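Grab a pencil and open the viewer. Here are a few exercises to work through by eye before you read the solutions.

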Amino acid sequence: MEKQIYLIVDASIPLADLKLKLKEISPFLDKIQLYNTEKINEVELKSLLDWLTNQSAQCFIYENKKALGLNKKVGIHLDEVEDLTELESQLQRKINKGVTVGNNLEKLKYAEKLGYDYISFCSVFPTKSANVCELVDFENIQKAREFFSGEIFLAGGINEETKQKLTGLNYTGVAVISALMDAENPLETLQKLK
């Protein structure tokens with residue numbers, strides 16, 4: 001079964017450059033997360049969000065709750081599980097939400113309780129782009145389905161080679177940065193990661 005591809009992108013990359021980089025692969029992405037959104041002005045961010053939400057992938061912003069008001073299709077990715085009921089009431093919409101988890105299974109139980117759409121285990125393998133995450137025990141990834149009914153993504157150090165080590169795990173897809181953004185042939189790499 002094909003896995004979903006969740007691309008994590010630096011929002012401070014100039015829009016024209018980002019569009020060029022994503023043009024070929026955006027129709028095949030399932031989710032896109034923007035980080036560093038606070039480093040660009042609101043007009044540029046809105047333009048970026050409007051462009052991304054017109055692509056085929058679901059769009060998420062990393063930790064920037066204020067930016068959720070710029071586009072009704074945008075969700076949020078958090079480092080800690082939070083109850084967003086009040087924010088959803090203010091915005092008058094359900095917010096698609098995901099959270100980074102590690103080896104603490106209580107965190108994903110809480111995400112389940114609050115109706116999070118997905119969790120993202122970080123870091124599955126050593127990596128320089130996810131250097132703030134602990135290495136996740138594969139046993140905890142296996143146990144996740146006992147406690148969480150939403151989508152399960154694996155992040156950190158995933159590339160064509162390391163993906164082979166994920167065989168047998170029950171997960172929805174992989175979250176990547178450099179595996180696609182630095183790839184010589186991003187479309188070919190994306191197909192190999194699915």
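The exercises below go from the overall fold to single residues, and the model they use is a predicted one.

**Exercise 1. The barrel**

Work out how many strands make up the closed barrel and in what order they run.

*Solution.* Start by walking around the ring of strands. You should count 8 strands in a closed barrel, in the order β1-β2-β3-β4-β5-β6-β7-β8, with parallel pairing. Going from one strand to the next, the twist averages 25°.

Next, zoom in on individual pairings. Strand β2 (residues 31-35) runs parallel to strand β3 (residues 58-62), and 4 bridges join the two. Within that pair, look across from Ile 32 and you'll find Cys 59 in β3.

Finally, look at the outer layer around β5 and β6: helix α4 (residues 105-113) lies across β5 (97-101) and β6 (118-122). Its direction makes an angle of about 170° with β5.

**Exercise 2. Strand β7 and its two partners**

Find which strands pair with β7, and decide whether β7 is enclosed or open.

*Solution.* Take one side first. β6 and β7 run parallel and are joined by 5 bridges. One facing pair to check is Phe 121, opposite Leu 154 in β7.

Now the other side. Strand β8 (residues 173-176) pairs with β7 in the parallel sense, over 3 bridges. Here Ala 155 faces Ala 175 in β8.

Then check burial, where the cut-off is under 20% relative accessible area. Of the 5 residues of β7, 4 are buried, so the strand is largely enclosed by the rest of the structure.

**Exercise 3. Aromatic rings**

Classify the ring pairs that Tyr 118 makes with Tyr 6 and with Phe 60: stacked or edge-to-face?

*Solution.* For orientation, the structure holds 6 aromatic pairs. Begin with Tyr 6 and Tyr 118: the ring centres are 5.4 Å apart and the planes sit at 75°. The edge-to-face class needs planes over 60 degrees apart, so this pair is edge-to-face. Now see where the two rings come from: Tyr 6 belongs to strand β1 (residues 4-10) and Tyr 118 to strand β6, so the pair links parts of the chain 112 residues apart. Both tyrosines are buried.

Move on to Phe 60 and Tyr 118. Their centres are 5.2 Å apart with the planes at 85°, so this pair is edge-to-face too. Phe 60 sits in strand β3, 58 residues away from Tyr 118 in strand β6. Phe 60 is buried, as is Tyr 118.

Last step: put the rings together. Tyr 6, Phe 60 and Tyr 118 join Phe 153 in one aromatic cluster.

**Exercise 4. Lysines over rings**

Find which tyrosine faces have Lys 3 and Lys 97 lying over them.

*Solution.* Go to Lys 3 first: it lies over the face of Tyr 171, at 4.3 Å from the ring centre. Then jump to Lys 97, which lies over the face of Tyr 116, at 5.8 Å from the ring centre.

**Exercise 5. Thr 162 and Asn 159**

Locate Thr 162 and Asn 159, and list what each one reaches.

*Solution.* Thr 162 is in helix α6 (residues 160-163). Its relative accessibility is 13%, so it counts as buried. Follow the side chain of Thr 162: it reaches the backbone oxygen of Gly 157 at 2.8 Å and the backbone nitrogen of Asn 159, also at 2.8 Å. Setting aside neighbours within four places in sequence, the contacts of Thr 162 are Phe 125 and Gly 157.

Now step back to Asn 159, in the loop between β7 (151-155) and α6. With a relative accessible area of 30%, Asn 159 is partly exposed. A polar atom of its side chain lies 2.9 Å from the backbone nitrogen of Glu 161. Again leaving out neighbours within four places, Asn 159 is in contact with Ala 179 and Leu 193. For one more check, place a distance between the C-alpha atoms of Asn 159 and Ser 178: you should get 8.5 Å, for residues 19 apart along the chain.

**Exercise 6. A serine in a loop**

Is Ser 26 buried or exposed?

*Solution.* Find Ser 26 in the loop between α1 (15-22) and β2. Its relative accessible area is 3%, so Ser 26 is buried. Not counting residues up to four places away in sequence, Ser 26 touches Gln 55 and Ser 56.

Terms used
Residues numbered from 1 in each chain as written. Predicted model: local features only at pLDDT ≥ 70, side-chain atom pairs only at ≥ 80, totals over all residues. Heavy atoms only, no water. Buried < 20%, exposed > 50% of the residue type's maximum accessible area, 1.4 Å probe, protein only. Polar contact = N/O pair within 3.5 Å; in protein donor to acceptor, adjacent residues only side chain to side chain. Contact = heavy atoms within 4.5 Å. Pairing = 2+ DSSP bridges. Axes fitted to C-alpha atoms, helices over the stretch in contact; angles between N-to-C directions. Phe/Tyr/Trp six-rings, centres within 6.5 Å; stacked < 30°, edge-to-face > 60°. Lys NZ or Arg CZ within 6 Å of the ring centre and 35° of its normal.
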